[in-house]
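These are my notebook entries on a structure that I had not looked at before. I wanted to know how its helices pack, how its strands are arranged, and where space is left between them.

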Amino acid sequence: MIDIQVRIHDRFSVEFKIGYLVKKDRPHTDFMLNAWMFLPDKLDINAATYTKKQFYRDVKSDIRLITPIYSLEELANEEALPFQFLAVAFNELADEPTAENLQEAEYQVKMFCTIARSAVRRAAERVWLYTDTGERAEAIGRYEEQVRRIVGQYRELRDLLPEEGKGEEARLSHGFGEEFLSNQIEYHTFELLKKLKRRDEACLSRVQGNLLEMVREEIAYRRSRGWAVIEKNSPDRNRTVLYRLRMLQTYMENHLFLNANRKKDGAVAEQVSFSIAAGISMIFATAIAFSFQQKYGNFTMPLFVALVVSYMLKDRIKELTRYYFVHRLAKKYFDNKTVISIKDKPIGWIKEGVDFITEDHVPEEVMEKRDRSDLLEATNRHTTEKIILYRTLVRIDGQTLDECNQHEVSGIHNIQRFNVSSFILKMHNREMPLEVPDDKGGYETVLGERTYYINLLMQLKSEEKIDYKRFRLILSRNGIEGIEKL
């Protein structure tokens with residue numbers, strides 16, 4: 001199964017979070033993702049102005065494990081596996097303060113904190129499953145109670161660590177985890193409060209006091225530990241806090257990221273095809289030379305002319321043959337192949353390729369889902385949309401993935417951020433003056449917003465089914481204005 005989430009990452013980047021969920025009872029699971037990007041002709045993006053190298057420059061990929069899933073209720077129980085693994089690691093470090101046990105303790109801190117962060121986020125989102133205000137308020141009350149219990153139990157584990165040697169280093173990691181969790185609780189609680197303010201003010205009035213009290217307690221705790229907190233009138237506009245938040249997130253998540261060795265796909269086959277092309281052209285040139293030599297003899301003008309002409313044709317034949325082989329290979333091979341591994345143990349690979357294609361090479365069902373308007377169809381008779389096809393083939397060994405992890409890991413995430421800066425270079429200004437009649441018998445000028453639409457159709461293929469997703473990216477000269485799921 002393939003799961004995909006799309007969101008605006010920043011002003012010029014859109015993020016695709018693609019989850020590949022594997023089956024553990026098979027040697028490997030295969031997935032395929034095809035994405036057709038329909039670009040307006042006005043952007044002047046085509047094979048001549050936008051190369052493969054530029055496309056891959058605009059795409060940033062992070063490949064990581066899907067965070068093990070625990071509910072907030074499960075995690076609030078001190079018998080939960082993440083707590084048990086963490087306690088065992090701390091006790092073993094206290095008994096034998098070795099570098100190996102310190103590394104294990106640090107790993108368990110990171111794993112616990114990322115699991116807890118995901119549980120807090122999902123619990124905050126799940127309150128919207130309740131339509132009744134009273135039931136929603138009760139769910140938020142449970143959220144607050146369970147968050148307090150989890151944080152309290154995590155902080156108590158610090159007492160298991162010795163205060164000197166390796167224990168001191170482990171305490172430092174534990175402290176990073178405390179700070180990370182405290183910040184995440186504050187962030188997701190404020191997100192919950194903001195949604196309640198927009199969607200359920202009656203529920204907000206019932207729960208706001210308790211939630212804000214929990215946030216204040218976390219802020220006071222961080223301040224007591226000497227950690228940076230957000231200030232209303234910060235001299236540096238909370239630059240230090242934001243920097244530390246980013247560093248903490250990187251530190252806590254780096255155990256989830258997989259080793260990725262990227263190389264060109266089909267390099268050997270390409271070189272073999274080039275050698276064949278060179279051989280064919282040489283056979284032609286040699287055959288011409290031999291035949292003219294037999295007929296006219298050595299050191300004659302006809303032989304000289306024949307050698308020059310055969311050399312000229314040889315190069316053309318070589319290039320045409322190479323072109324033929326390259327395009328034939330492109331149907332079987334991809335641009336890149338990335339081998340993914342955990343601690344140098346391969347668990348699968350990802351192949352990717354990108355090309356500009358014409359409309360007659362787009363499957364009929366994709367064009368139907370593209371659903372162009374009548375006006376666009378009429379315009380396309382003269383200036384057609386440009387189409388980029390990005391294809392991905394993924395293979396994951398679920399059994400090896402399971403062997404490499406203590407927790408139940410359902411698969412991997414391929415988080416891709418696509419930067420659209422190359423697409424806005426030739427856009428018009430965002431604002432355009434427009435005139436409308438006023439109420440006084442004259443007219444006035446208003447500002448309109450000029451936008452461009454990029455339609456994205458994704459075909460998700462797994463061993464069970466084929467699914468389609470359609471998104472529309474709204475761009476202007478100022479960057480990304482929005483994204484719509486159609």
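**Entry 1: helix 4 and helix 8**

I began with a contact between two helices, in which Glu106, Val109, Lys110, Cys113, Thr114 and Arg117 of helix 4 meet Tyr251, Met252 and Glu253 of helix 8. Sorted by class, the residues of this contact are 4 nonpolar, 1 polar and 4 charged. I note at this point that the model is a predicted one.

I then looked up the geometry, and found that the axes of helix 4 and helix 8 come within 8 Å and cross at roughly 115 degrees. Angles of 65 to 115 degrees count as roughly perpendicular, and helix 4 and helix 8 are therefore described as roughly perpendicular to each other.

**Entry 2: helix 5 and helix 7**

Next I asked at what angle helix 5 and helix 7 pack. Helix 5, residues 133–156, and helix 7, residues 201–224, pack at about 10 degrees, and their axes are 9 Å apart. Since angles under 35 degrees count as roughly parallel, this makes helix 5 roughly parallel to helix 7.

The residues that helix 5 brings to this contact include Ile140, Tyr143, Glu144, Val147 and Arg148, while those from helix 7 include Arg206, Val207, Asn210, Leu211 and Met214. I wrote down the classes as well: the contact of helix 5 with helix 7 has 11 nonpolar, 3 polar and 8 charged residues.

**Entry 3: the largest pocket**

I turned to open space, and found about 1,900 Å³ of it in the largest pocket. The lining of this pocket has 46 residues, and the closest to its centre are Arg7, Arg117, Arg121, Gln249 and Glu253. I had already met two of these names in the first entry, where Arg117 of helix 4 and Glu253 of helix 8 are listed in the contact between those helices.

Which elements supply at least two residues each to the lining of the largest pocket? They are strand 1 (2–10), strand 2 (13–21), strand 4 (59–65), helix 4 (99–126), helix 6 (166–199), helix 8 (239–253) and strand 9 (411–419). Helix 6 provides the largest share of that lining, with 11 residues. By class, I recorded 16 nonpolar, 12 polar and 18 charged residues in the lining of the largest pocket.

**Entry 4: the sheet of 4 strands**

I followed the strands next, and found 4 of them in an open sheet with the order 1-2-9-4 and antiparallel pairing. Strand 1 and strand 4 are the edge strands, each pairing on one side only. On average, and with direction ignored, neighbouring strands of this sheet are turned by 15 degrees against each other.

Inside this sheet, strand 2 and strand 9 pair in the antiparallel sense over 9 bridges, and I picked out Lys17, whose bridge partner in strand 9 is Ile415.

**Entry 5: the sheet of 8 strands**

Another open sheet has 8 strands in the order 5-6-7-8-3-12-13-14, again with antiparallel pairing. Strand 5 (259–264) and strand 14 (479–485) stand at its edges with a single partner strand each, so one side of each has no neighbour in the sheet. The twist from one strand to the next averages 20 degrees.

I looked up one pair here in detail: strand 7, residues 345–357, is joined by 10 bridges to strand 8, residues 386–396, and the two run antiparallel. One such pairing links Ile350 to Val394 in strand 8.

**Entry 6: the cavities**

Last, I looked for enclosed space, and a search of the whole structure gave 3 cavities of 30 Å³ or more. The largest cavity holds about 180 Å³, and of its 13 lining residues the closest to the centre are Phe16, Met37, Phe55, Tyr390 and Gln416. Strand 3 gives the most to this lining, with 3 residues. Is the lining of the largest cavity mainly nonpolar or charged? It has 12 nonpolar residues, 1 polar residue and no charged ones.

The second largest cavity has a volume of about 100 Å³, and its lining includes Val14, Phe16, Met37, Arg472 and Ile483. Strand 2, strand 12 and strand 13 (466–476) each give two or more residues to this lining, and the largest share, 3 residues, comes from strand 13. By class, the lining of the second largest cavity has 10 nonpolar, no polar and 1 charged residues.

Methods. Residues are numbered from 1 along each chain as its sequence is written. This is a predicted model: local features need pLDDT of at least 70, side-chain atom pairs count only at pLDDT 80 or more; totals for chains, interfaces and linings use all residues. Side-chain values use heavy atoms; hydrogens and water are left out. On a 1 Å grid over the protein atoms alone, a cavity is a set of points where a 1.4 Å probe fits but cannot get out, and a pocket is an open set with protein on both sides within 12 Å along at least five of seven lines; lining residues have an atom within 4 Å of a point. Grid points are joined across faces, edges and corners, and a volume is the space filled by probe spheres set on the points. Ala, Val, Leu, Ile, Met, Phe, Trp, Tyr, Cys and Pro count as nonpolar, Asp, Glu, Lys and Arg as charged, and the others, Gly among them, as polar. Axes are lines fitted to C-alpha atoms, for helices over the stretch in contact, and angles run from 0 to 180 degrees between N-to-C directions. Angles under 35 degrees count as roughly parallel, over 145 as roughly antiparallel, 65 to 115 as roughly perpendicular and the rest as oblique. Contact means heavy atoms within 4.5 Å. Two strands pair if DSSP finds at least two bridges between them.
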